[in-house]
Amino acid sequence: MTTFEELRRRGLLAQLTDEKEIEELINKGEATFYIGFDPTADSLHVGHFMALCLMKRLQMAGNKPIVLLGGGTGMIGDPSGKTDMRKMLTPETIQHNIECFKKQMSRFIDFSDGKAIAVNNADWLMNLNYVDLLREVGACFSVNRMLTAECYKQRMERGLSFLEFNYMIMQSYDFYKLFQDYGCNMQFGGDDQWSNMLGGTELIRRKLGKDAYAMTITLLLNSEGKKMGKTEKGAVWLDPAKTSPYEFFQYWRNVADADVIKCLKMLTFVPVEEIEDMEKSLEGAGFNKAKELLAYELTKLVHGEEEAEKAKSASKALFGGSGSDENMPVAEISSADLVDGKIGLLNLIVKAGLAPSVSEARRLVQQGGITINDEKVSDPKSQISPDGIIIRKGKKAFRKIVII
C-alpha cells in the first residue's frame, strides 16, 4: 500500500489541487511541504494534533516537512471559522508561544540532519514595505474573489476588519517565499484553509510561472458535526501542565461509539488493516476495547509510553478493573476544612474543582450528577469523610481526595 493510498483509507484526504501530481510526489518521497501554526497560545492542542500526525506520516515516507511558525501572521489572526476577531497578542507573548510550540513539536517531527526545518514567517513578513507589497502581491488578488472565500464567511456576518482581510495575502506570500527559498512545492492544512492555500498556489503561478500544490485534510469532527478536542474546561491541550496525561487519556477513552474508528484511523499509527478488521466486528464490549486502544495510543504519542501506562492503570481502577488509582487526578483538601473528620458535600465538590460554586454543586447533586466511590449521592446536606474517596461528576470528571 502506498503512502497516498493509506491517507485515503484513513479518511484524511479532503480537497486537492492536482491529485495525480500530489500522489506521485508523496509516494516518491519528493514532497517538500509545509503546514503553518499560528502561536495563539502557549501550548498546541488537539486541533493541531492531526496536522502533526500527518507531518510524521509523510516524513516517515521520505518527504521533508517545513514547520511554519506564525510569528508574523500571529500578529494579525486568522479569521477562518471565527465569528469574532482574535485577541491581539504582543510580540513577547507570540515569541514565548513559539518556543513552547517548538518543544512540543519535537515529539512528532525529526529535525535532525536536515530531515525537517522550522521557520518563522516574522523573518520576512515583519520587514515588508507596504507599498512594495501592494505593487508586487496586491495586484495578483481579486477583491471580488476574496470576498467569496469560505474563510471569510462567518466574519462577514459580524464585520470583517481590513486587518483580517489581509490574512489571505500574508499566508499566500508565505507559500511564495517558501517555494523560492526552500523549494517547498506543497502546502497542507485543515479543510477550512482551502481558500488561503489556493491563494498561495495562484500567487506562485502568477509571479513565477510554476506549479505548486495544496491539499487539505479532513477536519476532526464528531458524529454531531462539532470539532473534537473541546471539554467543559476548554481545549484539550498537549501540554501536561494544562491537560494532564490522565485527563488526556480519559478524553479519548470517552469518545462516542460512532467516533472511535474514525479517530483510530485518522490519529493513530495502528495499521489501517487492523483497524478495518476491528470495524467489521465492532459491537458491545468491543467499543470499550477500541476506545482503550485509542486513548492509549494517543497518550503514548503525546506523553510517552510511561505516562500512557499510568493513565491506563488509573482508568482501569476507576472502572473497577485491576489498575492502580495512584495516577488519578488528585484534589487536596485541608484538614482545617474538616469538622470531626467530615466536610459538607457541596463544599467538597467546589474544593475538588468539580463545580465553580455551591449553587452549581447543589444543582449537580439534585440532578444525580455526583457519585462517591461509585455510589450516587442525592442529599445536598450530606457530610462526607473525604480521605481517599473518589468523587465523580458525570462520566468524565474524577478526583481522588487527599487530606493535607
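**Overview**

I began with burial: 49% of the 404 residues of the protein count as buried. I note at once that this is a predicted model. I then counted the secondary structure and got 18 helices and 15 strands. Next I checked how far along the chain the contacts reach. Among contacts with a separation of 6 or more, 72% are between residues 24 or more positions apart.

**The six-stranded sheet**

I traced an open sheet of 6 strands with mixed pairing. I read its order as β1-β6-β5-β2-β3-β4. At the edges I found β1 (13-16) and β4 (117-120), each of which pairs on one side only. I looked up the twist as well: neighbouring strands are turned by 25 degrees against each other on average, direction ignored.

I then went to the pairing of β2 with β5 (residues 186-190). These two strands run parallel and are joined by 2 bridges. Which residue of β5 is the bridge partner of Tyr34? I found Gln187 there.

I asked which helices pack on this sheet. Helix α2 (residues 19-28) does, touching β1, β5 and β6 (213-217). I have the direction of α2 at about 85 degrees to that of β6. Helix α11 (residues 194-208) also packs on the sheet and touches β1, β5 and β6. For α11 the angle with the direction of β6 is about 170 degrees.

**Asp38, after β2**

I followed the chain out of β2 (32-37) into the loop that leads to α3 (46-60), where Asp38 sits. Is Asp38 buried or exposed? I count Asp38 as buried, because its relative accessibility is 15% and the cut-off for buried is under 20%. I looked for a polar partner and found Thr73: the two side chains make a polar contact of 2.7 Å.

**Gln59, in α3**

I moved into helix α3 and stopped at Gln59. Gln59 is buried too, at a relative accessible area of 14%. A polar atom of the Gln59 side chain lies 2.8 Å from the backbone oxygen of Asp110. I listed what else Gln59 touches, not counting residues up to four places away in sequence. Besides Asp110, I have Pro65, Phe108, Ile109, Lys115 and Ala116.

**Nonpolar cores**

I looked up the largest nonpolar core and found 64 residues in it. Phe37, Phe49, Met186, Phe188, Leu220, Trp252 and Leu267 have the most contacts inside this core. Which element gives this core its largest share? I found that α3 does, with 9 residues. I also noted a second, separate core of 26 residues, including Leu125, Phe141, Phe179 and Ala212.

I took Trp252 from the first list and looked at its surroundings. Leaving aside neighbours within four places in sequence, Trp252 is in contact with Val46, Leu220, Met228, Cys263, Leu267, Lys291, Leu294, Ala295 and Leu298.

**Helix α12 against α15**

I checked how enclosed α12 is. I found 8 of its 9 residues buried, so α12 is largely enclosed by the rest of the structure. The buried ones are Pro245, Tyr246, Phe248, Phe249, Gln250, Tyr251, Trp252 and Arg253.

I then set α12 (residues 245-253) against α15 (residues 285-303). Their axes come within 8 Å and cross at roughly 145 degrees. I read the crossing as right-handed. On the α12 side I listed Pro245, Phe248, Phe249, Trp252 and Arg253 at the contact. They meet residues of α15, among them Asn288, Lys291, Glu292, Tyr296, Val302 and His303.

**Lys312, in α16**

I placed Lys312 in helix α16 (residues 305-318). Lys312 is partly exposed, with a relative accessible area of 30%. Which residues does Lys312 contact beyond its neighbours within four places in sequence? I found Phe249 and Tyr296. I also took a C-alpha separation: Lys312 and Leu293 are 9.7 Å apart in space and 19 residues apart along the chain.

**Strand β9**

I finished at strand β9 (residues 330-333). Its covered face holds Ala331 and Ile333, while Val330 and Glu332 lie on the uncovered one. I found β9 paired with β15 (residues 397-403) in the parallel sense, over 4 bridges. From the uncovered face I picked Glu332, and its bridge partner in β15 is Val402.

Note on methods:
Residues are numbered from 1 along each chain as its sequence is written. This is a predicted model: local features need pLDDT of at least 70, side-chain atom pairs count only at pLDDT 80 or more; totals for chains, interfaces and linings use all residues. Side-chain values use heavy atoms; hydrogens and water are left out. Buried means under 20% relative accessible area, exposed over 50%, partly exposed in between (1.4 Å probe, protein chains only). A polar contact is a pair of N or O atoms within 3.5 Å; within protein, one must be able to donate a hydrogen and the other to accept it, and residues adjacent in sequence count only if both atoms are side-chain atoms. Two strands pair if DSSP finds at least two bridges between them. Axes are lines fitted to C-alpha atoms, for helices over the stretch in contact, and angles run from 0 to 180 degrees between N-to-C directions. Contact means heavy atoms within 4.5 Å. A nonpolar core is a set of buried Ala, Val, Leu, Ile, Met, Phe, Trp, Tyr and Cys residues joined through side-chain atoms within 4.5 Å. A crossing is left-handed if the near helix is turned anticlockwise from the far one by less than a right angle, and right-handed if clockwise.
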